[in-house]
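Colleague: Could you take a close look at one part of this model for me, the charged pairs, and then set that part in its surroundings? An informal walk-through is fine.

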Amino acid sequence: MDTHTMSVLGLSGTEEDIYRHFLRNPRTSPADIHVLLRSDREAVSEALRRLRRLRLLHGDETSTWAAEPDVAVPRLAEERLEDLHRQMRQVTRTRPIVSSLQRERPTADPAGPAPGIERLEDLRQVRNRIDDLAFFAHDEVLAAEPYDALSKENIAHARALDLRCLSRGVRIRNLVRRSTLTDPVTLSYLRELNAHGARIKVADAFSELILVYDRHTALVPIDPANTARGALCARENGLVGNIVTLFERLWDAARDFTELVDAGAERTPELSETQREVLSRMCAVSKDETGARQVGVSLRTYRRHIADLIQLLGAENRAQAALLARERGWV
């Protein structure tokens, strides 16, 4: 027999052998096929019944033939994909399973956290829980982050999670402080998220650190003044609902990220004459020595001006700075 290749479509080895047999021998009787296959009669009979239900075999007990492969295989593939998709939806809906297992636990200690609240004091445990919640999110992620800037390490970790959520159609709403717009690295990251479909709003000041996944699980710091102490993971409906209400109140009072950034981009900052000349040379010449000589400053001063301009433009390197300068009409 040929190697079994139809298992990916949900057929057993016996079922595939029978289907291939009737492709080779159409309009023959299935009566003694179990002898040919050297298989148990009842197992072969069950395989024949299933193949007929799948419409892979036609005819009766005296004359049987196989459905055409170019019709049968696509139909099997479609049914298999629908079945896998249904299983995926069941696997990602883990909340009923978790609730069932939680009921098996002993009654909570009165001195411990309230039911539906988990205390995570290890920061690695907090990060792992965030990873898990983001991975299984299927509807919406709400985030209020009261930081003035994000480190490159934090951005590198969050980017993969955020972009994966957005690519799967998960909505992200992110609330940030206005001060983050002055940090080039953070601003670049926020621009990237916005470009991929995240909604971002900016508030002048807030102190609440909030993460909510699918409106049924929320993370908040144990101590808002010291986030290094860990987080509380809440799944109790009333508590999560109050946290969502707080987020929505902050969100409604904030300004749209795109409006603020676009408005800032439209206004050309007050550059000194030397800065304008350095910017022009940076976009036109390849060697710093040449640019410095044309502007009439030392090489060290020329490069310091370039570093200032890169930061002012919110760029990560010279090439990006030159592109942004041209887009904004600075040169």
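**Salt bridges and what lies around them**

Modeller: Before the charged pairs, a quick stop at histidine 21: beyond four places in sequence, its contacts are Thr28, Ile33 and Leu36. Histidine 21 sits in helix H1, residues 13-24, and it counts as buried because its relative accessible area is 9%, below the 20% cut-off. Ile33, one of those contacts, also belongs to a core of 19 residues, together with Leu37, Ala67 and Leu76 among others.

Keep in mind that this is a predicted model. The average pLDDT over the chain is 84, and 89% of the residues reach at least 70. One stretch to treat separately is residues 108-113, where pLDDT stays under 50. For that stretch the model has one contact beyond four places in sequence.

Now the charges. Searching the whole structure gives 23 salt bridges. Let's start with glutamate 118 and arginine 129, whose side chains meet at 2.6 Å, N to O. That pair ties together distant parts of the chain, 11 residues apart: glutamate 118 is in strand S3 (residues 117-120) and arginine 129 in helix H6 (residues 123-136). The two partners don't have equal cover. Glutamate 118 is partly exposed, with a relative accessible area of 26%, whereas arginine 129 is buried at 16%.

Next comes arginine 119, which makes a salt bridge with glutamate 121 at 2.4 Å, N to O. Arginine 119 has 40% relative accessibility, so it counts as partly exposed.

The pair I'd linger on is arginine 173 with glutamate 140, at 3.2 Å, N to O. Here the link is between strand S5 (residues 171-177), which holds arginine 173, and strand S4 (residues 140-145), which holds glutamate 140; the partners are 33 residues apart. Both of them are buried. They aren't on their own, either: salt bridges with shared partners join Asp139, Glu140, Arg171, Arg173, Arg215 and Glu248 into one network.

Glutamate 140 also leads us to the nonpolar side of things. Tyrosine 213 touches Glu140, along with Ile130, Leu133, Ala134, Ala137, Val141 and Leu219, leaving aside residues up to four places away in sequence. Tyr213 is among the residues with the most contacts inside the largest nonpolar core, as are Leu181, Leu219 and Phe257. That core has 31 residues. So Tyr213 has a place in the largest core and also touches a member of the charged network.

What about cysteines? Cysteine 233 is buried, with a relative accessible area of 0%, and cysteine 283 is buried too, at 17%. The disulfide count is zero.

Last stop, helix H12, residues 288-295. Its buried residues include Asp288, Gly291, Ala292 and Val295. They lie on the same side of H12 because they cover an arc of only 100° around the axis. As a reminder, an α-helix has 3.6 residues a turn, so residues three or four places apart point the same way. Cover for the buried residues of H12 comes from, among others, helix H11 (273-284), helix H13 (299-313) and helix H14 (318-327). Just after H12, glycine 296 has a positive phi of about 90°.

How values were computed: Residues are numbered from 1 along each chain as its sequence is written. This is a predicted model: local features need pLDDT of at least 70, side-chain atom pairs count only at pLDDT 80 or more; totals for chains, interfaces and linings use all residues. Side-chain values use heavy atoms; hydrogens and water are left out. A nonpolar core is a set of buried Ala, Val, Leu, Ile, Met, Phe, Trp, Tyr and Cys residues joined through side-chain atoms within 4.5 Å. Buried means under 20% relative accessible area, exposed over 50%, partly exposed in between (1.4 Å probe, protein chains only). Contact means heavy atoms within 4.5 Å. pLDDT is the predictor's confidence in each residue, from 0 to 100. Helices (H or I, at least four residues) and strands (E, at least two) are DSSP runs, numbered from the N terminus. A salt bridge is a side-chain nitrogen of Lys or Arg within 4 Å of a carboxyl oxygen of Asp or Glu. A disulfide is a pair of cysteine sulfur atoms within 2.5 Å. The arc is that of the directions from the helix axis to the C-beta atoms.
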